[in-house]
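Trainee: I should like to learn how the features of a structural model are read. May we work through one example together?

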Amino acid sequence: MLSLRTLEGDALSAWLDRLGVEYAQERVAAGDEPERAKASVERNRQEFFPGEVAAPGQLVFRLVNDEGQEVGTLWIGRMPERPPGQWWVWTIEIEAPFRGRGFGRAAMELGEQEARKAGARRLGLNVFGTNAVARSLYESLGYEITELQMSKEL
């Protein structure tokens with residue numbers, strides 16, 4: 001149903017460019033100053049993808065269906081300053097035309113397998129509270145809330 005293909009080279013660089021723009025926009029929408037959001041993107045890119053190559057302990061995959069179509073992207077990896085067995089789902093994206101077909105679940109299950117093979121004992125993730133579809137998926141896979149942040153516009 002779904003397979004993983006390592007994302008590297010020019011395809012990785014292009015994905016990082018797009019991801020950086022989207023992440024900065026999300027940070028600004030969450031209240032960060034644009035300059036701070038941009039600096040965070042640059043710092044993360046240097047730490048996790050020095051020289052446009054995934055750092056050790058970081059895995060980025062294209063998600064490919066049985067028909068050879070790229071349906072999304074998955075990035076999992078070690079958490080900085082945490083014990084080596086604690087890994088993180090940094091990004092999971094299913095392209096809009098392919099949503100609702102089980103690819104998100106399959107990607108998470110494949111990601112868990114890859115993390116286990118690499119020595120992970122725990123896999124965490126962030127999800128925006130308003131993303132009810134994703135929250136439902138993660139809960140159905142056994143993920144539990146470990147932290148909760150709240151805010152209010154003043």
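The dialogue below takes up salt bridges, a buried arginine, aromatic pairs, backbone angles and a surface patch.

Mentor: Please note first that this is a predicted model, in which local features need pLDDT of at least 70 and side-chain atom pairs count only at pLDDT 80 or more, whereas totals for chains, interfaces and linings use all residues. Residues are numbered from 1 along each chain as its sequence is written, and side-chain values use heavy atoms, with hydrogens and water left out.

Trainee: How many salt bridges does the rule give?

Mentor: Side chains of opposite charge can pair when their charged atoms come close. The rule requires a side-chain nitrogen of Lys or Arg within 4 Å of a carboxyl oxygen of Asp or Glu. By this rule the count is eight. One of them joins Arg45 to Asp17, with 2.8 Å between the closest N and O atoms. Arg45 belongs to helix H2 (residues 34–48) and Asp17 to helix H1 (residues 9–29), so this salt bridge ties together parts that are 28 residues apart in sequence. Helices here are DSSP runs of H or I with at least four residues, strands are runs of E with at least two, and both are numbered from the N terminus.

Trainee: Is Arg45 buried or exposed?

Mentor: Buried means under 20% relative accessible area, exposed means over 50%, and partly exposed lies in between, with a 1.4 Å probe and protein chains only. Arg45 counts as buried because its relative accessibility is 15%. Its partner Asp17, at 44%, counts as partly exposed.

Trainee: Which residues are linked with Arg45 in a network of salt bridges?

Mentor: The network consists of Asp17, Arg45 and Glu52. In the salt bridge between Glu52 and Arg45, the closest N and O atoms are 2.7 Å apart. Glu52 lies in the loop between H2 and E2 and is partly exposed, with a relative accessible area of 28%.

Trainee: Where are Glu22 and Arg18 placed relative to one another?

Mentor: Glu22 and Arg18 form a salt bridge with 2.9 Å between the closest N and O atoms. They are four residues apart in helix H1, which means that about one helical turn separates them. Glu22 is partly exposed at 30%, and Arg18 is partly exposed at 32%.

Trainee: What polar contacts does the side chain of Arg62 make?

Mentor: A polar contact is a pair of N or O atoms within 3.5 Å; within protein, one must be able to donate a hydrogen and the other to accept it, and residues adjacent in sequence count only if both atoms are side-chain atoms. Arg62 lies in strand E2 (residues 58–65) and is buried, with a relative accessible area of 19%. The side chain of Arg62 makes a polar contact with the side chain of Glu70 at 3.2 Å and another with that of Thr73 at 3.0 Å. If contact is taken as heavy atoms within 4.5 Å, and residues up to four places away in sequence are not counted, the residues touched by Arg62 include Leu4, Leu7, Trp15 and Gly72.

Trainee: How many aromatic pairs does a search of the whole structure find?

Mentor: Rings of Phe, Tyr and Trp (its six-membered ring) pair if their centres lie within 6.5 Å; planes under 30 degrees apart count as stacked, over 60 as edge-to-face and the rest as tilted. The search finds eight aromatic pairs. Trp88 and Trp90 form a tilted pair, 6.2 Å centre to centre with 55° between the planes. Trp88 is buried at 17%, while Trp90 is partly exposed at 26%. Ring pairs link both tryptophans into a cluster with Trp15, Phe48, Phe49 and Trp75.

Trainee: What is the phi of Glu52, and what is that of Glu81?

Mentor: Glu52 has a phi near 65°, a positive value in a residue other than glycine. Glu81 is likewise not a glycine, and its phi is positive at about 60°. Glu81 is in the loop between strand E3 (70–78) and strand E4 (86–94), and counts as exposed at 84% relative accessibility.

Trainee: Where is Met150 placed?

Mentor: Met150 is in the segment after helix H4 (132–140), and at 76% relative accessibility it counts as exposed.
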